[in-house]
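Open your viewer, switch to a cartoon view and keep the selection box handy. We will hop from stop to stop, and at each one you will learn what to select and what to look for.

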Amino acid sequence: MSRKQIHTDCVIIGAGYAGIAAASRLHEAGKDIMILEARDRTGGRVNAQVLSDSGVIVDLGAQWIGPTQHNMWNWVKKHQVEVFDGYDSGKNIFDYKGSTSTYKGTIPKMNPIALVEIGIAMARLNKMCRQIPLKSPWSAPKALEWDSITMETWIRSNIKTSQARMAMHVGLETVFSCQASEISLLHFLFYCHAGDDLDTMLGVTGGAQQTLFKKGTQHLLEQEAKPFQEKIYFNQPVKTIGQNASGAVILTDELEVVSSKVIVAIPPALCQKIHFEQPLPQRKAQLFQRMPMGAAMKCFVVYETPFWREKGFSGQIVSDRWPFHASFDCSKPDGKGIFLFFVEGQYARDFIELPQHIRKEKVLSELEHYYGAQARTAIDYTDKCWTEEEYSGGGYAGNFTPGAWTQFGQVLRTPVENIHWAGTETAVKWCGYMDGAIESGYRAANEILDSNG
């Protein structure tokens, strides 16, 4: 097959937040760049969609930013995009074993023993988080001990009441989109420290779920990419990367790109889809095998108005009912009500196997259970499961399994000759979030600029 040959200074693989951040920095420095994107759009794990029946924009992927996500706020101010704070007033719902109660704040109303347990557990975890060096989690004093067990093991050893365990599991699923048995305790602690602390990551007002975008997060990314839009080549999944003394050769089905440098800005697990002519160092290759993607699904229901507010509810639910364990009010200031149910981990893997009309009926049934017959007046519905995305493999991020940080973490960000690595998984702050993706793109670009003097 004849391929079109192109020469450039740097090829960036992936047009998500990490790839566009790297491209932006290199473009501003006067470098000739080229971005290869496997999809037909920018965004990666960010994807805004206009729903056909209601006309509202929903973020099928990442959607919130918090007060301390400074890279994102810099872009918001730079491009003057419209944002708004999510609704965080009224009563939250806690549903456990068929008993429903209401509460305010982050921690659900539980029996006194469970409430004390969850408070002690969160305080202990926050204290442990602060012991993790963000640039080198493997060097923490208890790194080997904490990396040898799963978060599930820690929960079972330190939380005895089933109600407190359930609340901890829901919080963990909401942040990591996986089960507690799938990640190491060390990864949990690093991730929470990277996001300030556990309270911030779970919170709405003042937390990671505080602010939303009127036109969606993909719109912000598109504004940042405008100066080099013509440098983005869509529908170009990379097949092969080869290296030589002067740089690298990158092959897609249609293109042969000769470049001095390469930035790989895709989830680590997807790097296994690329053939590296010179095999990656064994630790790097082994690390990528130990960073599986979580499973995240979002179910949106649209109403003429956010009617639950009129009933005094916030739209936030914590529940042990299958498969929806957490929800949020994502309504924009235009008056339409947008309700979001999250389905994560093994529940997402099970739920996506049902036909969509059955999934929709289950969502409406749950909303009717909590808010009454008015929940049946929905004007639009959509859902999205990221495990079905070939070029994401899941969401929200690649998670470190036990032993991965201490055995392989040292090579996470290490360049392999002319290949540099970006992606939110490689971030020091706000790993797993859009803000971390920007940080990682800037770092990879700076590595190239520094190597070129």
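Which are the buried residues of α7? Before we answer, please keep in mind that this is a predicted model.

**Stop 1: helix α7**

Select residues 185-194, which make up helix α7. Its buried residues are Leu185, Leu186, His187, Phe188, Leu189, Phe190, Tyr191, Cys192, His193 and Ala194. That is 10 of the 10 residues of α7, so the helix is largely enclosed by the rest of the structure.

What covers them? Add α3 (112-129), α4 (143-147), α5 (151-158) and α6 (162-176) to your selection, and then α8 (198-202) and α14; the cover of α7's buried residues includes these helices. Before you leave, click on Asp196, which follows α7 and has a positive phi, near 80°.

**Stop 2: aromatic rings**

Now show the side chains of Phe, Tyr and Trp. How many aromatic pairs does the structure hold? There are 27 of them. Zoom in on Phe190 and Trp405: their ring centres are 5.0 Å apart and their planes meet at 65°, so this pair is edge-to-face. The pair links distant parts of the chain, since Phe190 belongs to helix α7 and Trp405 to helix α14 (residues 404-408), 215 residues apart. Are these two rings' residues buried or exposed? Phe190 has a relative accessible area of 0%, so it is buried, and Trp405, also with 0%, is buried.

Next, select Tyr303 and Phe307, another edge-to-face pair, with 4.9 Å from centre to centre and 75° between the planes. Tyr303 counts as buried at 1% relative accessibility, and Phe307 is buried with a relative accessible area of 2%. Keep both on screen and add Trp308, Phe313, Trp322, Phe324, Phe339, Phe341, Phe351 and Tyr371: ring pairs link these residues with Tyr303 and Phe307 into a cluster.

**Stop 3: two packed helices**

Two packed helices are described by the angle between their axes and the distance between the axes. Select residues 70-79 for helix α2 and 217-225 for helix α9: they pack at an angle of about 70°, and their axes are 10 Å apart. The two helices are therefore roughly perpendicular to each other. Rotate the view to find the left-handed crossing in which α2 passes α9.

Which residues meet here? From α2 come Met72, Trp75, Val76, Lys78 and His79, and from α9 come Leu220, Leu221, Gln223 and Glu224. Sorted by kind, the residues of this contact are 5 nonpolar, 2 polar and 2 charged.

**Stop 4: Val318**

Go to strand β15 (residues 313-319) and pick out Val318. With a relative accessible area of 14%, Val318 is buried. Leaving aside neighbours within four places in sequence, Val318 is in contact with Ile93, Phe94, Asp95, Tyr103, Pro108, Met166, Val170 and His325. For a longer trip, draw a line from the C-alpha of Val318 to that of Lys261: the two are 57 residues apart in sequence and 47 Å apart in space.

**Stop 5: Ala437**

Finish in helix α15 (residues 434-451), where you will find Ala437. Ala437 is buried, with a relative accessible area of 7%. Beyond its neighbours within four places in sequence, Ala437 is in contact with Tyr17, Ala18 and Thr424. Now select Ala22 as well: Ala437 and Ala22 are 415 residues apart in sequence, yet 9.6 Å apart in space, C-alpha to C-alpha.

Technical notes:
Residues numbered from 1 in each chain as written. Heavy atoms only, no water. Axes fitted to C-alpha atoms, helices over the stretch in contact; angles between N-to-C directions. Helix = DSSP H or I, 4+ residues; strand = E, 2+ residues; numbered from the N terminus. Parallel < 35°, antiparallel > 145°, perpendicular 65-115°, else oblique. Left-handed = near helix turned anticlockwise from the far one by under 90°. Contact = heavy atoms within 4.5 Å. Nonpolar A, V, L, I, M, F, W, Y, C, P; charged D, E, K, R; others polar. Buried < 20%, exposed > 50% of the residue type's maximum accessible area, 1.4 Å probe, protein only. Phe/Tyr/Trp six-rings, centres within 6.5 Å; stacked < 30°, edge-to-face > 60°.
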